[in-house]
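Let's take a walk through this protein together, starting with its overall build and ending at the ligand. Keep the 3D view open and turn it as you read.

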Amino acid sequence: MFIPDEIYYEKAIKSYELGISLLRKYEQVPKFVIENHNNIEKLRKMPNTEFSNLKRKLIIGVRKTHRYEENHKVSDFLVPYTSSGCTASCLYCYLVCHYNKCSYLRIFVNREQMLQRMIKTANESTSKELTFEIGSNSDLILENSITGNLPWTIQNFARSKHGFLTFPTKFDMIEPILSIDGKEKVIIRVSMNPEKLINLVEFGTARLNQRIRAINTLKDAGYKVRNYHRSGYFCRRLEKFIC
Ligand code: SF4
């Protein structure tokens, strides 16, 4: 279980049920109030050598940007959802390219607002059933071990007449989403790589046998499961050197 070394939070999270419960859950962890989760000067100024220590911090805020990006690969829209960043350290992670050493886990507590917007968009679409990618900025199975957001999301999205959710993962803490309603509206993409590569470059994630077990369990539970290879190009090149 992830216990952060420090928590940085926006005051506004105290107006949200999830914000209050996270502060309570991590009562013992040292906390600092911040103005804006996007720009924490103290952390931004730390040297790059602090990368692994920064990954042990948790940032909690309110998401202000809700712009959907069209996507024609695995979904219709990339949706900014309840988290950004991750506690793991895959060497090729594109979040590191975006946020550099500040690719730590940020959690956004205004989940009701984000979910309602998705349900509205899904039900307003007359031409087709829309699929929403909710995990393009984070790993929601990992995030769920901190927030419990995933069962909440899946069960509430089940009330929507239309639409599907999808997200990728490299983790196997799937127990909380096995016995809930709404599974038929969710496509989970489990990221796979040869064991050698996982051990070499995907630090802090589930190992290959754990992911295979998770795939089978999710499938048996009623989820649509797809294989996912975010790091394909990088790993194919790396494979040439190490295999
Ligand atoms: S698990 Fe995903 S989000 Fe986390 S470091 Fe690896 S690639 Fe990045």
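**A guided tour of the fold**

The protein chain has 10 helices and 13 strands in its secondary structure. Please bear in mind that this is a predicted model. A compact globule of 243 residues would have a radius of gyration near 18 Å, and the protein chain agrees with this because its own value is 18 Å. The C-alpha trace spans about 50 × 45 × 30 Å along its principal axes. Of the 243 residues in the protein chain, 36% are buried. Contacts also reach far along the sequence: taking those between residues at least 6 apart, 77% join residues at least 24 apart.

A good place to begin is an open sheet of five strands. Their order is S2-S1-S3-S8-S6, with mixed pairing. The edges are held by strand S2 (31–34) and strand S6 (83–84), each of which has a single partner strand, so one side of each lacks a neighbour in the sheet. As general background, strands of a sheet pair through backbone hydrogen bonds, in either a parallel or an antiparallel sense.

Let's move inward from the S2 edge. S1 and S2 pair in the parallel sense over four bridges, and here Tyr8 has Phe32 in S2 as its bridge partner. Strand S1 (residues 6–10) also pairs with S3, again in the parallel sense and over four bridges. On that side, Tyr8 has Ile59 in S3 as its bridge partner, while Ile7 stands opposite Leu58 in S3. Continuing across, strand S3 (residues 57–61) and strand S8 (residues 105–108) pair in the parallel sense over four bridges. Within this pairing, Leu58 stands opposite Leu105 in S8, and Gly61 stands opposite Phe108 in S8.

How many of the five residues of S3 are buried? The count is five of the five, so S3 is largely enclosed by the rest of the structure. In a regular strand, side chains alternate between the two faces of the sheet. In S3, Lys57, Ile59 and Gly61 point one way, whereas Leu58 and Ile60 point the other way, and all are buried.

This brings us to the largest nonpolar core, which has 44 residues; Ile59, Ile60, Ile107 and Ile134 are those with the most contacts inside it. Helix H6 (residues 140–147) contributes the most to this core, giving four residues. To see the surroundings of one core residue, pick out Ile60: beyond its neighbours within four places in sequence, Ile60 is in contact with Ile7, Tyr9, Ile13, Gly19, Leu22, Ile107 and Val109.

Helix H6 deserves a closer look. H6 is mostly covered, with seven of its eight residues buried. The buried residues are Leu140, Ile141, Leu142, Glu143, Asn144, Ile146 and Thr147. Their cover includes helix H1 (17–25), S6, S8, helix H7 (149–157) and strand S10 (164–169). After H6 comes Gly148, which has a positive phi near 70°.

Another positive phi is found at Asn100, at about 55°, although this residue is not a glycine. Asn100 sits in the loop between helix H4 (94–99) and S8. Is Asn100 buried or exposed? With 12 other C-beta atoms within 10 Å, Asn100 is exposed.

Now step back along the chain into helix H4, where you will find Leu95. Leu95 is buried, since 20 other C-beta atoms lie within 10 Å. Apart from residues up to four places away in sequence, Leu95 touches Gly85, Cys86, Ser103 and Asn137. Another residue to locate from here is Ser136: Leu95 and Ser136 are 41 residues apart along the chain, with their C-alpha atoms separated by 9.6 Å.

Our last stop is the ligand. Which residues are around it? They are Cys86, Ala88, Ser89, Cys90, Cys93, Leu95, Asp139, Lys170 and Thr205. By class, this shell around the ligand is made up of five nonpolar, two polar and two charged residues. Leu95, which we met in helix H4, is one of the residues around the ligand, and so is Cys86, which Leu95 touches.

How values were computed. Residues are numbered from 1 along each chain as its sequence is written. This is a predicted model: local features need pLDDT of at least 70, side-chain atom pairs count only at pLDDT 80 or more; totals for chains, interfaces and linings use all residues. A residue is near a molecule or strand if its C-beta atom, placed from the backbone, lies within 6 Å of it. Ala, Val, Leu, Ile, Met, Phe, Trp, Tyr, Cys and Pro count as nonpolar, Asp, Glu, Lys and Arg as charged, and the others, Gly among them, as polar. Helices (H or I, at least four residues) and strands (E, at least two) are DSSP runs, numbered from the N terminus. The radius of gyration is taken over C-alpha atoms; the globule rule is 2.2 Å times the number of residues to the power 0.38. Two residues are in contact if their C-beta atoms, placed from the backbone, lie within 7 Å. Two strands pair if DSSP finds at least two bridges between them. A nonpolar core is a set of buried Ala, Val, Leu, Ile, Met, Phe, Trp, Tyr and Cys residues joined through C-beta atoms within 7 Å.
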